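Me: Could you take me on a close look at a single part of this model? I'd enjoy one connected walk through a strand and its partners.

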Amino acid sequence: MMKLWSAFVACITLLMTTSGCGHQNTVSGLTEKYSSIPVTNLSANVQSSEESAEYQYTIQDVRNLQDFLLTRPTEEDLTGKPYDLNDDNRWDVFDLCLMKRELLYNMNIERDSDTLVIYFSRTGNTEKIAQYLIELTSADSYVIEAAVPYTDADIKYQDDNCRANKEQNDKTVRPEIANPIESIASYDTIFLGYPIWWGQEPRIIDTFLESYDFSDKTVIPFCTSGSSGIAASEKNIAELVPIGNQLEGRRFPASATKDDVKEWVEMLPLNNEQSEVKLLISVNGQELTASFADSTAAKELAEKLKAEPITVTLNEYGGFEKVGKLPWSLTRTDASTETEPCDIMLYQGNQMTIFYDSNSWSYTKLGHIDNTTQEELKALFGEGDITVTLSLK
C-alpha cells in the first residue's frame with residue numbers, strides 16, 4: 001500500500017511540475033488537483049491486455065499520456081493506444097505511474113549488446129533517429145531525462161530569459177539528470193544523440209559526459225536540427241572529457257528516414273572491413289602488422305593489449321624461431337601444427353613464438369604477420385635476441 005501511495009504522489013508531483021504548480025500546494029490542493037485530472041472510458045479500439053504486454057513503451061508514450069491527462073493537445077491520434085495499464089477501463093494518473101515504471105525497467109534491464117544508444121530528446125525528433133539506430137544495430141538504449149523536465153516555455157527561442165537560453169549562454173551549467181544509468185562499463189561503442197540548441201549540444205549532454213568514463217569507448221555523436229551543423233558540438237564533446245575514439249558524427253533533419261540512418265551506419269568504420277583490429281609488432285625501428293587468429297588466446301591477447309602495449313624480449317631458438325615470455329598466461333587450445341614463416345604461436349600457455357622458418361609441434365595459434373616474406377623477416381630479426389613491442393592497430 002505504501003508503494004502504491006508513493007507512486008501516486010510521485011506522479012502527482014510530475015504532473016504538478018509539468019503544469020507549473022508552485023511549492024505552496026497543500027495535501028488538499030493535491031487532492032483538488034488530482035480530482036481535476038481527466039479520465040476516459042476506453043473504446044473497443046483499445047488493445048487487449050495480452051497485446052499491451054508485448055508493447056514497448058517509449059518516452060513519447062509517457063508524454064502522450066501526460067499531455068492527455070493535462071488536457072493538452074497531442075501530436076498523434078491516441079486511439080487504440082495500450083495506455084490502460086491497470087485494466088480498469090480508463091486512463092488516469094495510475095496508468096502514467098505504471099507506464100513510467102515499465103519504461104525505466106526496460107531501460108535498465110541488462111542485455112548482451114556491446115553497443116549503447118544514448119539520447120536526449122525534447123520534441124521527439126532525436127528520439128526518432130535513436131529508435132532507427134536501435135533497430136539497425138540491435139543496441140541497448142538509455143534516455144537522458146532532465147530531473148526538472150523542459151517545458152515548451154523553457155525552449156522558446158525568442159525569449160532571451162527562457163531556461164534554455166540561460167543554460168546555453170553559460171557553459172558551466174549542468175542540469176540534473178533523472179534516473180541516471182548505473183554504469184556504461186560493459187559497452188564498447190556509444191551513439192550519443194541530442195538536438196542542437198543554439199548551435200551546440202544541450203548542457204544536459206555535458207552533465208552526462210562528465211558523469212562517466214569514456215576513455216576506452218568509441219563515441220559516435222548524432223544530432224537533429226533545422227539547419228545548424230554538428231561540428232561545434234563535436235568539438236565541445238571532444239574537449240570536455242577524455243574519449244577513447246570519437247568518430248565523425250552526423251546531423252539529421254526532422255524529415256530523416258530510416259534509410260537515411262541506415263546509409264550512415266553502413267558507412268561507419270565500425271562496419272568497414274578495414275577497421276579489423278590488427279596486431280602491431282615494432283622491432284628494430286620498423287613495424288609489422290599481423291592478423292589475429294580465430295582462437296581464444298588471440299582474443300585474450302587483443303583484450304590485454306587494449307589496456308596498454310607490452311614489450312617482450314624474444315630469444316633465438318633452433319634457427320627457425322624467436323621465443324619470449326609473455327607477462328601473463330593465455331588459454332591453450334594446443335594442436336599439432338606444421339608452422340610456416342611469419343606464424344605467431346603460443347607455446348606452453350605463456351610464451352610467444354614468431355617463426356621465420358618451419359617447425360612441427362603442439363601450439364596454439366595467435367596470428368600471422370601480413371605482407372612479409374621469409375627473407376624480409378629474417379633480415380629484420382637478424383641473429384640473436386631481439387626486443388619487440390606489441391600493440392593494437
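Reply: Happy to! In this predicted model, L280 stands opposite S391 in β19. That strand, β19, covers residues 386-392 and runs antiparallel to β11, residues 278-283, with 5 bridges joining the two. Another facing pair along them is S282 and T389.

T389 is a good place to pause, as T311 also stands opposite this residue of β19. Here the partner strand is β13, residues 310-317, which pairs with β19 in the antiparallel sense over 5 bridges. So much for that side; let's return to β11.

β11 is also joined to β12 by 6 bridges, and these two strands run antiparallel. Within that pairing, I281 stands opposite L288 of β12. The hairpin formed by β11 and β12 has 2 residues between the strands, and N284 takes a positive phi near 50 degrees there.

How enclosed is β11? It is largely enclosed by the rest of the structure, because 5 of its 6 residues are buried.

On β12, which spans residues 286-292, you will find T289. Its relative accessible area is 18%, so T289 counts as buried, the cut-off being under 20%. Leaving aside neighbours within four places in sequence, T289 is in contact with K278, L279 and L280, and also with I369, D370 and K393. That brings us back to L280, the residue facing S391 in β19.

Definitions and conventions: Residues numbered from 1 in each chain as written. Predicted model: local features only at pLDDT ≥ 70, side-chain atom pairs only at ≥ 80, totals over all residues. Heavy atoms only, no water. Pairing = 2+ DSSP bridges. Helix = DSSP H or I, 4+ residues; strand = E, 2+ residues; numbered from the N terminus. Buried < 20%, exposed > 50% of the residue type's maximum accessible area, 1.4 Å probe, protein only. Contact = heavy atoms within 4.5 Å.
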